[in-house]
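Me: I have a sequence and a structure in front of me, and I would like to learn how to read them. Could we go through the features one at a time?

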Amino acid sequence: MAENRKKKNQQKLPWWLTPVLLLAVLAIRFGGEALGRGFQWLSDSQTSESTTTAQKVPSDETLTVRFLDVGQGDSILVQMQGKNILIDSGDRSEAARLLTKLEENHVEQIDMLIATHPHADHIGGMKAVLNRFPVKQVYDSGQNYKTKMYNDFRLQIEKEQIPFEVLRGGQEVPVNEMVKLKVLSPQALYKGTPSDTNNNSLVLRLEYKDFAMLLTGDIQAEVERDLLQTDPEALQAQVLKVAHHGSKTSSINEFLTAVKPKIAVISSGEGNKYKHPSPEVVQRLYNLQADVFNTALCGDIIIKSNGKTCDITVEKFYDEQQAQAA
Ligand SMILES: [Zn+2]
């Protein structure tokens with residue numbers, strides 16, 4: 001499936017554009033290296049698996065995070081030492097695509113299934129995932145959200161007697177001896193904000209030695225301000241999953257400055273009706289010298305870390321100027 005999609009994408013490009021794109025990507029690659037950002041660029045590779053990466057980082061100590069392209073929605077697969085953690089599951093309409101991607105990445109069981117919040121573009125694929133794979137543990141934001149989809153999700157967990165836990169700020173979920181997920185928010189459920197459901201998203205900091213990735217669900221500016229007040233230093237991360245698909249209701253400049261991301265990942269659908277991501281948010285990230293990757297343009301975005309540096313590969317060719325304009 002991934003192969004087919006890659007081919008389809010290549011066919012759409014005029015023949016003369018390929019060398020232009022290659023040069024553009026190489027320019028970004030060497031630009032990144034010139035800035036000495038401490039990570040390697042492998043994004044010009046057409047394959048998501050790089051042999052260079054495999055040689056540099058022993059596979060048993062590689063943390064792999066895949067931002068799966070599931071259209072307008074989020075789904076992030078974290079893999080290490082045979083463990084699979086799935087954070088969100090995209091929209092229901094993308095469930096078949098999600099299952100294919102999980103199988104392509106050798107998922108046979110899910111050790112932790114995490115729902116950042118109960119909106120349909122984050123839990124739509126949960127039913128399909130629970131039906132297909134054995135799931136050992138479910139973590140949730142524990143919101144009182146009355147939709148059939150969310151209700152069914154909770155009922156299925158109960159029926160299948162899967163251990164279920166609501167997470168709150170300050171908790172830590174160990175992945176293994178080296179990697180943990182720190183819960184930064186919510187401390188307690190928000191009430192009366194412009195979108196409580198979004199603002200009550202689980203905010204997670206994935207930590208592996210010197211490497212950190214901040215996963216923000218769909219939080220908005222209100223929570224970003226609270227996080228800044230609580231502990232701005234705890235926000236710093238090499239990789240940021242940009243909040244709420246790059247919406248302008250999130251990603252205030254002070255928050256992005258505290259995170260200081262080298263890589264910013266936006267998970268959004270091509271031509272989505274919300275016009276995500278906001279050009280202003282993308283510009284703010286560029287102003288901070290972050291490199292911005294969008295699943296709508298790049299397909300799956302894969303980040304591998306050895307606990308110090310990280311490599312990034314993308315499923316499809318992308319163009320920096322396109323990303324800026326998207
Ligand atoms: Zn969302």
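**Strands, core and a helix**

Reply: Three bridges join E5 to strand E6 (residues 138-140), and the two run parallel. Within this pair, Ala115 stands opposite Asp140 in E6. Keep in mind that the model is predicted.

Me: What holds strands of a sheet together in general?

Reply: Strands of a sheet pair through backbone hydrogen bonds, either parallel or antiparallel.

Me: Which other strand is joined to E5, and by how many bridges?

Reply: Strand E4 (residues 83-87) is joined to E5 by three bridges, and these strands run parallel. Here Leu86 stands opposite Leu113 in E5. Between the two strands the chain passes through helix H4 (residues 95-104), and this β-α-β crossover from E4 to E5 is right-handed.

Me: Are the residues of strand E5 buried or exposed?

Reply: Strand E5 (residues 112-115) is covered on both faces. Met112 and Ile114 lie on one side, Leu113 and Ala115 on the other, and all are buried.

Me: Where do nonpolar side chains tend to go?

Reply: In soluble globular proteins, nonpolar side chains tend to be buried together. In this model the largest nonpolar core has 76 residues, and those that touch the most other members are Ile114, Ala264, Val265 and Ile301. Strand E11 (residues 211-215) gives the most to this core, with five residues.

Me: Which residues does Val265 touch?

Reply: Leaving out residues up to four places away in sequence, Val265 touches Phe67, Val239, Lys241, Val242, Phe293 and Ile301. Two of these names return as bridge partners: Lys241 has Val265 as its partner in E13, and Val265 has Phe293 as its partner in E14.

Me: How do I read the sheet around Val265?

Reply: Start with the pairs, then take the whole order. Strand E12 (residues 239-241) and E13 run parallel and are joined by three bridges. Strand E13 (residues 263-266) also pairs with E14 in the parallel sense, over four bridges. The path from E13 to E14 leads through H11, and this β-α-β crossover is right-handed. The open sheet has seven strands in the order E8-E9-E10-E11-E12-E13-E14, with mixed pairing. Strand E8 (172-174) and E14 are at the edges with a single partner strand each, so one side of each has no neighbour in the sheet. From one strand to the next, the twist averages 20°.

Me: Which way do the residues of the edge strand E14 point?

Reply: In strand E14 (residues 291-294), Asp291 and Phe293 point one way, while Val292 and Asn294 point the other way. All of them are buried.

Me: How do I read the sides of a helix?

Reply: List the buried residues, then see where they sit around the axis. In helix H11 (residues 279-287) the buried residues are Val281, Val282, Arg284 and Leu285. They lie on the same side of H11 because they cover an arc of only 155° around the axis. The face turned away from this buried side carries the exposed residues Glu280, Gln283 and Asn287. After H11 comes Gln289, with a positive phi near 70°.

Me: Why does Val282 count as buried?

Reply: Val282 counts as buried because 22 other C-beta atoms lie within 10 Å, and the cut-off is 20 or more. This residue lies in helix H11. Its C-alpha atom is separated by 9.2 Å from that of Ile266, and the two residues are 16 residues apart along the chain.

Conventions. Residues numbered from 1 in each chain as written. Predicted model: local features only at pLDDT ≥ 70, side-chain atom pairs only at ≥ 80, totals over all residues. Core = buried A, V, L, I, M, F, W, Y, C linked by C-beta atoms within 7 Å. Buried ≥ 20, exposed ≤ 12 C-beta atoms within 10 Å, placed from the backbone. Contact = placed C-beta atoms within 7 Å. Arc of directions from axis to C-beta. Pairing = 2+ DSSP bridges. Right-handed = clockwise from strand over helix to strand, strands pointing away. Axes fitted to C-alpha atoms, helices over the stretch in contact; angles between N-to-C directions.
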